[in-house]
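Here are a few friendly notes to help you find your way around. Have the structure open beside you as you read.

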Amino acid sequence: MQPTPHPGRIVVDRLSKQFGSIRAVDDLSFTVEPGTVTGFLGPNGAGKTTTLRMLLGLVAPTSGAATIGGYRYAELPRPLEAVGAALEASGFHKRRTGRAHLRVLCAAAGLPARRADEVLDLVGMAPAAGRRVGSYSLGMRQRLGLAQALLGDPTVLILDEPANGLDPAGISWLRDLLRSLAAAGKTVLVSSHLLSEVEQTVDDVVIIAAGRSVRQARVAELKAEAQSGVRVRTPHADRLATALRGAEMRAGAEPGVLLVEGVPAAEIGRVALAAGVELHELTPLQSDLQELFLALTDGQAGIR
Ligand SMILES: Nc1ncnc2c1ncn2[C@@H]1O[C@H](COP(=O)(O)OP(=O)(O)OP(=O)(O)O)[C@@H](O)[C@H]1O
């Protein structure tokens, strides 16, 4: 007998979708674990939304399977408690208030009406709960979409470009919310076409281009790869360079500054200490994840 999968585990297994002559998703496989925030990244047209729609049973796969806790969406015993999703911030009834919109959904799902106010509060929309959705800004509609996704207190949260339309304070708020949901054991999958937008939010990334997986990794791993060196300032640059022999390095623009590639800052510190070299600065240079993302997806970009 197969072991029962964790109810929060998402498994995408050799998933493909053909739309006429376009292979929107092509033999894609990945797993998303509970307790993590995973970024689902790719350029425009890469196949992110199509994949999420297949996960949510809104589009039938041409082949392969996408399951949540071992079930295809349509087979989930209690879908609202299993999965909450926000695909796009439209499709709201413009003349209803945010509160009324959510109360209709509560009634349909057998949830108490007060749950509408609880989730509006959770997404910072309590002050606008009584306003018509038609008067909401894009960012407010995004928050309402998120509130809707959270209604059933689901184990898994699937969000398509949730940061769209949010201001910097909103993005930072979203980051904290998603991190706290993951810390509470939920599975969070968020799509984005900007790695830089989600790099501080996500633990893992699945990067796709032209419907295919190009990279799956921990963000920390990608950051280490994209790391563009360590700046070291010392009055004994020559001695340090000798002690670090073998490492790739060049002199910085200022005297006493060395730029070292491929050796972590901690290791440079250790070598300097062992060699009795005084350090005045040891700075890992800003990694440029977006550059790495572009390099990974280059030439296979989305628009087909
Ligand atoms: N219903 C459909 N009929 C035909 N083609 C479709 C359909 N839905 C998506 N596609 C095509 O499938 C490809 C993938 O689209 P998808 O919306 O999944 O990409 P995406 O990664 O979400 O892009 P974006 O970042 O621009 O939202 C595109 O070429 C798109 O035109």
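1. Which residues are buried in α1? They are Lys48, Thr49, Thr50, Thr51, Leu52, Arg53, Met54 and Leu55. With 8 of the 8 residues of α1 buried, this helix is largely enclosed by the rest of the structure. Just after α1, you will find Gly57, which takes a positive phi of about 70°.

2. Before going further, please keep in mind that this is a predicted model. The mean pLDDT of the protein is 90, and 95% of its residues reach 70 or more. Confidence is highest in strand β1 (residues 10-19), at a mean of 97, and lowest in helix α11 (residues 289-297), at 76. For the model, the scores are ipTM 0.96 and pTM 0.81.

3. Now look at the ligand, which is surrounded by 14 residues. The closest are Phe19, Ala24, Asn44, Thr49 and Thr50. Two of these names, Thr49 and Thr50, you have already met among the buried residues of α1.

4. Which element gives the most to the shell around the ligand? That is α1, with 3 residues. Both β2 (22-32) and α1 (48-55) supply at least two residues each to this shell. As for its chemical make-up, the shell holds 8 polar, 4 nonpolar and 2 charged residues.

5. Helix α5 (residues 138-150) is a nice place for a quick check of geometry. Its 13 residues, at 1.5 Å a residue, should span 18 Å, and the end C-alpha atoms are indeed 18 Å apart, so the expected and modelled spans agree.

6. Is α5 mostly covered or uncovered? The helix is mostly covered, with 11 of its 13 residues buried. The buried residues of α5 are Met140, Arg141, Gln142, Arg143, Leu144, Gly145, Leu146, Ala147, Gln148, Ala149 and Leu150. What covers them includes two strands, β5 (83-86) and β6 (156-160), along with two helices, α3 (98-109) and α4 (114-122).

7. Finally, step back to the whole protein. Its domain assignment gives domain 1 (10-224) and domain 2 (229-285). How many Å separate the centres of domain 1 and domain 2? Taken over C-alpha atoms, the separation is 44 Å.

8. To recap for a second visit: α1 is a good starting point, being largely enclosed and giving the most to the shell around the ligand. From there, you could move on to α5, which is mostly covered, and then to the two assigned domains.

Note on methods. Residues are numbered from 1 along each chain as its sequence is written. This is a predicted model: local features need pLDDT of at least 70, side-chain atom pairs count only at pLDDT 80 or more; totals for chains, interfaces and linings use all residues. A residue is near a molecule or strand if its C-beta atom, placed from the backbone, lies within 6 Å of it. Helices (H or I, at least four residues) and strands (E, at least two) are DSSP runs, numbered from the N terminus. Ala, Val, Leu, Ile, Met, Phe, Trp, Tyr, Cys and Pro count as nonpolar, Asp, Glu, Lys and Arg as charged, and the others, Gly among them, as polar. The expected span of a helix is 1.5 Å times one less than its number of residues. A residue is buried if 20 or more other C-beta atoms lie within 10 Å of its own, exposed if 12 or fewer, and partly exposed in between; C-beta atoms are placed from the backbone. Two residues are in contact if their C-beta atoms, placed from the backbone, lie within 7 Å. Domain bounds come from an automatic or database domain assignment. pLDDT is the predictor's confidence in each residue, from 0 to 100.
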